[in-house]
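Open the model in your viewer and keep the selection tool ready. We will go from stop to stop, and at each one you select something and see what is there.

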Amino acid sequence: MKLYHALQSQGFGTRKVCVARVRAGEVAVNGKICDDPEARVDPTQLELTLDGVAWPYREKAYVLMHKPAGYECSHHTSHHPSVFSLLPAPLVQRGVQCVGRLDQDSTGLLLFSDDGQFIHRMTSPKKGVAKVYRAACAEPVSDAMLDALRSGVQLNDEPAPIAALACEKLDETTLRLTLAEGKYHQVKRMVGATGNRVTGLHREAIGQFALPDSLAPGAWCWLETDELKQLEQPWPSAMS
């Protein structure tokens, strides 16, 4: 692979911009400045450095963010800033997309990728990838409410009742809900169907991968192979 092409694939601009940056001596390959945009590089052992930041080459981007409240999961926002403003420009330039969405007032685990197949696997209802949420409720969480969520509640525009994979009371007004789907406003609608109301929502985990405590709200990190496998592992209570 030519150096300028590697840069372009990682989101560092158009061919013209990448060629110019290399020729200007702004790009290091594995720690050494290279000013030849046509130089051949091995993508399997490639680390690019621009503006003092090291970027290991990644054929596809898999990114985790701890989404803070007050951000919309859209490039074209209505009333709040975009979650994409929290990502570095090269990731946005290479076209990463939200893997499922969280409402502007919701927080927690949010994935981004430019791998269409991965996005489909993680979001398709047919794949049944578990999502775990912690929901704060306006009214106390009752046993009847938990039973209804476990057995299934009827939502508007849905042909059949929808049940949680798991549901537990954490304190007087907080519950943890595990779902096999990701329908529009699903947690809020399911809780609403029991006569209660969600006042705060946080996504804790997907599959068997939990949001790391060390990742601060608004921060992001790369996902590695082992973590990607955890995302697609079935939730224990859903395994036969």
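Is C221 buried, partly exposed or exposed? Select C221 and show its surroundings. C221 counts as partly exposed, because its relative accessibility is 24%. Keep in mind throughout that this is a predicted model.

**Stop 1: the cysteines**

Now add C34 to the selection. C34 is buried, with a relative accessible area of 18%. Which cysteine sulfur is closest to that of C34? Select C18: its sulfur is the closest, yet it lies 13 Å away, too far for a bond. A disulfide is a covalent bond between the sulfur atoms of two cysteines. The cut-off used here is 2.5 Å between the sulfurs. By this rule, the model has zero disulfides. C221 is in no disulfide either; select C98 to find the nearest cysteine sulfur, 15 Å away.

**Stop 2: an open sheet**

Switch to a cartoon view. Find the four strands that form an open sheet, in the order β2-β1-β3-β4. Their pairing is antiparallel. Strands of a sheet pair through backbone hydrogen bonds, either parallel or antiparallel.

Which strands stand at the edges? Select 32-33 for β2 and 53-56 for β4. Each has a single partner strand, so one side of each is left without a neighbour in the sheet.

Next, select residues 27-29, strand β1, and residues 47-50, strand β3. Three bridges join these antiparallel strands. For one example, pick V29: its bridge partner in β3 is L48.

**Stop 3: strand β8**

Select 131-137 to show β8. Five of its seven residues are buried, so β8 is largely enclosed by the rest of the structure. Add residues 174-179, which make up β10. Six bridges join β8 to β10, and the two run antiparallel. Then add 198-206, which is β11. Here seven bridges join β8 to β11, again antiparallel.

Now pick R134. What is its bridge partner in β10? It is R176. In β11, the partner of R134 is H202.

**Stop 4: the nonpolar cores**

Show side chains. The largest nonpolar core has 52 residues. Select L3, L7, F112 and V187, which touch the most other members. Helix α1, residues 3-9, gives the largest share of this core, with four residues.

Zoom in on V187. Beyond its neighbours within four places in sequence, V187 is in contact with Y133, A135, L177, L179, V198 and L201. There is also a second, separate core of 16 residues. Its members include L64, F209, L211 and L223.

**Stop 5: the largest pocket**

Turn on the surface. The largest pocket has a volume of about 530 Å³. Which of its 25 lining residues are closest to its centre? Select R101, L102, G182, K183 and H185. The elements that give two or more residues to the lining are α4 (116-123), β8, α6 (186-193) and β11.

**Stop 6: a serine in a loop**

Finish at S106. Where does S106 lie? It sits in the loop between β6 (97-99) and β7 (107-113). S106 is buried, with a relative accessible area of 1%. Select what it touches, not counting residues up to four places away in sequence: K67, P68, A69, K188 and L201. L201 is also one of the contacts of V187.

Key:
Residues are numbered from 1 along each chain as its sequence is written. This is a predicted model: local features need pLDDT of at least 70, side-chain atom pairs count only at pLDDT 80 or more; totals for chains, interfaces and linings use all residues. Side-chain values use heavy atoms; hydrogens and water are left out. Buried means under 20% relative accessible area, exposed over 50%, partly exposed in between (1.4 Å probe, protein chains only). Two strands pair if DSSP finds at least two bridges between them. A nonpolar core is a set of buried Ala, Val, Leu, Ile, Met, Phe, Trp, Tyr and Cys residues joined through side-chain atoms within 4.5 Å. Contact means heavy atoms within 4.5 Å. On a 1 Å grid over the protein atoms alone, a cavity is a set of points where a 1.4 Å probe fits but cannot get out, and a pocket is an open set with protein on both sides within 12 Å along at least five of seven lines; lining residues have an atom within 4 Å of a point. Grid points are joined across faces, edges and corners, and a volume is the space filled by probe spheres set on the points.
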